[in-house]
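The report below takes up a single chain, beginning with one pair of charged residues and widening from there to backbone geometry, burial and overall form.

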Amino acid sequence: MTISMPRGTYDVLPDEIHRWHYVERVARDVARRYHFSEVRTPIFEHTELFQRGVGETTDIVEKEMYTFTDRKGRSLTLRPEGTAAVVRSFIEHKVYAQPQPTKWYYLGPMFRYERPQSGRFRQFVQFGAEVLGADDPSVDAEIIAMVDDLLQELGIRQYRLELNSLGCPQCRPRHREALLAHLRPLREALCADCQSRLERNPLRILDCKNERCRELTADTPSILEHLCSACADHFAGVRKFLDELGISYIVNPRMVRGLDYYTQTAFEFIAESVGAVGTIAAGGRYNGLVASLGGQDVPGIGFATGLERLLAVMAAEGVEPPAPPALDCFVVAVGEESRTAAVSLLHRLRKAGLAADLDHLNRKVKAQLKAADRLQAKYVLILGEDELSRGTVQLRRMADGVQEEIPLEAAVERVSMQSMGDAVEQTLLSMMTGKAGPGADH
RNA sequence: GCGAUCGUGGCGAAGUGGUUAACGCACCGGAUUGUGGCUCCGGCAUGCAUGGGUUCGACUCCCAUCGAUCGCCCCA
């Protein structure tokens, strides 16, 4: 048997890589405009970082981590998410001693041992950003606005933003008690999952998809009614800024986040009609995380989005990222004699900045032209013995087959000028028609 | 971790317990002299995910394993 890729992984082949490049480019550009700097942390960390950072009782830590022991017996784990490592880095390099706030973003693979399904993989790519050292509601709004901009710019239209506040260590316990008091009498009527959630994580019961559970918990005490005044003020502040920015949202008091570290603001961007997993971006505030990982009491907020899901939603909405540029020039050599000259010509084209190639399979002229056509070469330079003796080449424009014989010396410059001219023409055309061309802004 | 469906050449896709496993696309070559996109001709799976089993005989039936897709849990 030949070896295949591990479960839950995928190859991005060259014919679709441009979609990835496009999303990555837009993400980085949004980050630039929001004034976030990129941080790159290791793909693996000490297991303990995630146990403490993500939370011992979370599904991620309990059953989804890729953990292994290295040759010295250390327990290491492939990162399942980005925030813990960013915070670790922030603390480790004493970045809190520098002017605050710290605004970092990351873009890279994460790993979770889960059953693959649509929009879910074992290795997947997240783009995320964190603001450390500022707890003003305007920061929460900024993070949310950033995600909103990202989605807009990728051409994604059908999504909604759900917002909630999870309170803080002062008010959350009060809500929890009220919740338990309400739910305990209903215990027997709840679904099996919810019964087990009851003592462990009662908040999750509110998020249950089960019809019966939903009915039973319909009039359950809301976290929003139990917020302390600080959290209530903060939540009101976030809403005020979002309203000011014209970002619409739905307050969902039943929304829960999977990771233990969230406090106050929590949000989810949900795609309207895409498979079972509709969440394409999510995040929230985590004011206790830095301290719990051994740093100062520094507030934080962030988000993460899965690129596979963005790509899936884009495909579902018919958004087509700009195609990669075609090959500028294909050099056709006729006969062995001209091959040396052809290789030399090819080299000069490339040195001049053109994307150029030639046939390496010793194909006949016809087949070489066919290859050039398939590669969508804009121009073809044909070099045979006749041309060689005359010191010329045939310059053929593939779009219409117009061909002329030009001096060999002028070939590189001619193709350069023509290609450039084509590009300018394209741009002008797209400006006039108002349609987005390659590299044009949206 | 649980459930459903599925697994035939690079891709799509017929097929039936029994002779050489259709077809389409793609790819490669050819249709005499050095020229693409059309047309025509030819080539392209000693094998039907893997391993067992049933049978005189299995790609076709059974079991297991692996994988894919989708859903649950949970999550980006």
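Lysine 63 and aspartate 59 lie 4 residues apart, about one turn of the helix, and both belong to helix α3 (residues 59-63); helices here are DSSP runs of H or I with at least four residues, strands are runs of E with at least two, and both are numbered from the N terminus. An α-helix has 3.6 residues a turn, so residues three or four places apart point the same way. The side chains of lysine 63 and aspartate 59 form a salt bridge with an N to O distance of 3.6 Å, where a salt bridge is a side-chain nitrogen of Lys or Arg within 4 Å of a carboxyl oxygen of Asp or Glu. Lysine 63 is exposed at 55% relative accessibility, while aspartate 59 is partly exposed at 37%; buried means under 20% relative accessible area, exposed over 50%, and partly exposed in between, with a 1.4 Å probe and protein chains only.

The model is predicted, so that local features need pLDDT of at least 70 and side-chain atom pairs count only at pLDDT 80 or more, whereas totals for chains, interfaces and linings use all residues. Residues are numbered from 1 along each chain as its sequence is written, chains are lettered from A and ligands numbered from 1 in the order in which they are written, and side-chain values use heavy atoms, with hydrogens and water left out.

By the salt-bridge rule the count comes to 22. Arginine 160 takes part in two of the pairs tabulated here, with glutamate 162 and with glutamate 272.

| Salt bridge | N to O distance |
|---|---|
| Lysine 63 – aspartate 59 | 3.6 Å |
| Arginine 160 – glutamate 162 | 2.8 Å |
| Glutamate 272 – arginine 160 | 3.3 Å |

The pair of glutamate 272 and arginine 160 links distant parts of the chain, 112 residues apart, with glutamate 272 in the loop between β9 and β10 and arginine 160 in strand β7 (residues 159-165). Arginine 160 is partly exposed at 28% relative accessibility, as is glutamate 272 at 41%, whereas glutamate 162 is buried, with a relative accessible area of 11%.

The backbone has several features to check. Most residues other than glycine have a negative phi, and most peptide bonds are trans. Glutamine 264, in strand β9 (residues 263-271), nevertheless has a positive phi of about 50°, and this residue is buried at 9% relative accessibility. Glutamine 376 has a positive phi of about 60° and sits in the loop between α14 (365-374) and β14 (379-383), where it is exposed, with a relative accessible area of 56%. Lysine 94, just after α4, takes a positive phi of about 50°. A cis peptide bond, with omega about 0°, joins glutamine 100 and proline 101, the latter being in the loop between α4 and β5.

Helix α4 (residues 83-92) is itself mostly covered, with 9 of its 10 residues buried, among them Val86, Val87, Arg88 and Phe90. The cover over these buried residues includes β2 (44-46), α2 (47-54), β5 (102-111), β6 (123-132) and α11, contact being defined as heavy atoms within 4.5 Å.

Asparagine 287 lies in the loop between β10 (279-285) and α11 (289-292). Leaving aside neighbours within four places in sequence, asparagine 287 is in contact with residues including Asp135, Gln264 and Asp297.

On the surface, Val424, Leu428, Leu429, Met431 and Met432 form a nonpolar patch with about 560 Å² of accessible area together; patches take residues with over 30% relative accessible area and no salt bridge, joining like charges within 9 Å and nonpolar side chains (Val, Leu, Ile, Met, Phe, Trp, Tyr) within 5 Å, and areas come from the Shrake-Rupley method with a 1.4 Å probe, counting for residues only the protein chains shown as cover. Methionine 431 lies in helix α16 (residues 411-433) and is exposed, with a relative accessible area of 63%.

As a whole, chain A has 16 helices and 16 strands, and its C-alpha trace spans about 95 × 55 × 50 Å along the principal axes. Buried residues make up 47% of its 442 residues, and the accessible surface comes to about 22900 Å², of which 52% belongs to carbon and sulfur atoms.
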